[in-house]
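User: I should like to look closely at one part of this structure, namely its aromatic side chains. Please take the explanation step by step.

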Amino acid sequence: MTVILLMVAVLMAVAGMMLVWRRKWAIAGPAMAVSGPVFLFRDADLIDMTPDAQQMIAAFEHMPDRDAVLHVLGQDFPDLVDHLARTDQISRQFVHHTDPTNSVMLDWPNGQMRLAVQGGRCANPTAGDGELALLRDVAKFSPHLIWHTDRDGVVVWVNQAYRDFWAQLYPQDTSDIADMVLFPQIRDVADPMVRRIAVPVPQQGAENWFDVSTISQQDKALHFATDANAMVRADHDRQTFVQALGKTFADLSIGLAIFDKRRQLVTFNPALLDMTRLGFEFLSTRPTIDTVLDRLRETRILPEPKNYATWRDRFTAVETAAKNGTYSEVWNLPDGQAFRVTGRPHPDGAFAFVFEDITADLSLTRRFRSDIEAGQAVLDALPDAVAVFSTAGTLVMYNKAYMALWTTGRDHGLEHRSFKAELVGWQNLCATAPDWEELQHYVHLLGPRQPWADDALLADGRLVRCHANAVAGGMTMVRFAVSPRAMPALRKLTQADPAIRAAKR
């Protein structure tokens, strides 16, 4: 009896399960036998669907089921979306807006919403599998943040990169897609533009920068965010470098003017303003090099040529030389100032001019030259022959009396004239001479020295008094004082005496 009761209970359970199964399909209605995709909703929840229907929305798994279905069907059946926005439950068939063989049947069995897709569009649901898989992979593996917003700017779909970045910022957050807002600045979907937006990093005080572009789709929008951190850092480094260069240029005492390949002024420093007296307002307008030259001529900063038009033509060649790095010229101004202007090439056809105020250097050079000329004039006015030798025995200075006394040929200047060579000339012109080796030793001595003196007899019978004194810098001044006239007796003796001739040799 127990076995019989157990069998009856099992049969009743099976019968109940079959009844429930039959009721479930009775709710869906006979339309569920349609070969196309079918979706069954209770309110906004998807409670059942066919395999091909599941395949239709598989690529939008991160969206709510109802939104995913409407996203897939809304482009081909826009009236369906508008119809579902109403609250009344009216059954209706929606025909494809371009292909009448495709349609969507909407009905409400027992208060549930059933969407049945019919026609050739979905007769072969595997036809677009390859393209769908490709699009799914693009969205999944794209390194860029991609998200979709509705007409109100609410986020309705995001890709995996967007989700990963959100989880990186908010690891404990489990918000719905609509609350995963990274870019609240983007609200107007009718404004497709590219903008750079910073996303703050919570509790770190840092920022992640993105270049965000928007593509409008009727009343919706698709957004793409590309990582711009590297570009922002590069821009910041470039600005820092430019500021450092600006500070360096501001502290330079030389004027700097940089022209681009279009011959326009792009950079200048305060020293250029002070040297050229060109106003900041003028230079800040990025004038061309010709305009700068004209203004320099008006302010008499430019050397005044006889023919300015010809000079401007010549400056074209100067510009070319500056681009090649071969231009360097001294501008002597009417007021006595002097600028050394140098051209320097820059990349991409740009070039720079460097203005150095060399007025003080030229004045110092002129003063030195004047002092040297005055000193030489003083030496030339002395009746005694004077020669100055360095510690190395090189002749560095002499006067006209020295040249007249010891030089038999033309004056060769100071080039390659050593003490030894001069000594040979002295010996050849003297009948009797002092201890020249002692004088040579005296010339090469360093430090303080006592004056040296001795007498020599020239071949023409004149007596020469030789003096050697230490002067500044370790140099030695040798002075020869010649008697005013020759002594005939000494001349006769020097010419006749074989001993003297032998000593001369």
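Which residues form one aromatic cluster?

Analyst: The model examined here is predicted. Within this model, one aromatic cluster is formed by Phe-389, Tyr-398, Tyr-402, Trp-406, Phe-419, Trp-426, Trp-436 and Phe-480.

To place this cluster in context, it is useful to begin with the aromatic pairs. The structure holds 19 aromatic pairs. One of them joins Phe-351 and Phe-353, whose rings are 5.7 Å apart from centre to centre, with 85° between the planes. This pair is edge-to-face because an angle over 60 degrees places a pair in that class. Phe-351 has a relative accessibility of 0% and therefore counts as buried, as the cut-off is under 20%. Phe-353 is likewise buried, with a value of 3%.

Two members of the cluster, Tyr-398 and Tyr-402, also form an aromatic pair. Their ring centres are separated by 6.0 Å, and the planes meet at 45°, which makes the pair tilted. The description uses two quantities because a pair of aromatic rings is described by the distance of the centres and the angle of the planes. Tyr-398 has a relative accessible area of 10%, so this residue is buried. Tyr-402 is buried as well, at 1% relative accessibility.

Aromatic rings can also be considered together with charged side chains. The charged end of Arg-295 lies over the ring of Phe-282, at 4.1 Å from the ring centre. A second arrangement of this kind involves Arg-449, whose charged end sits over the ring of Tyr-442, 4.9 Å from its centre.

One further aromatic residue, Phe-241, belongs to a surface feature. Together with Val-242 and Leu-245, Phe-241 makes a nonpolar surface patch of about 260 Å². Leu-245 lies in helix 7, which spans residues 229-251. With a relative accessibility of 30%, Leu-245 counts as partly exposed.

A nonpolar residue outside these groups may serve for comparison. Ile-177 is located in the loop between helix 6 (160-169) and strand 8 (194-201). Although Ile-177 belongs to a loop, the residue is buried, at 9% relative accessibility. The C-alpha atom of Ile-177 is 6.4 Å from that of Val-156, while the two residues are 21 residues apart along the chain.

To return to the question, the cluster includes Tyr-398 and Tyr-402, and these two tyrosines form a tilted pair.

Conventions: Residues numbered from 1 in each chain as written. Predicted model: local features only at pLDDT ≥ 70, side-chain atom pairs only at ≥ 80, totals over all residues. Heavy atoms only, no water. Phe/Tyr/Trp six-rings, centres within 6.5 Å; stacked < 30°, edge-to-face > 60°. Buried < 20%, exposed > 50% of the residue type's maximum accessible area, 1.4 Å probe, protein only. Lys NZ or Arg CZ within 6 Å of the ring centre and 35° of its normal. Helix = DSSP H or I, 4+ residues; strand = E, 2+ residues; numbered from the N terminus. Patch = residues over 30% accessible without salt bridge, like charges linked within 9 Å, V, L, I, M, F, W, Y side chains within 5 Å. Areas by Shrake-Rupley, 256 points an atom, 1.4 Å probe, with all protein chains shown as cover. Salt bridge = Lys/Arg side-chain N within 4 Å of Asp/Glu carboxyl O.
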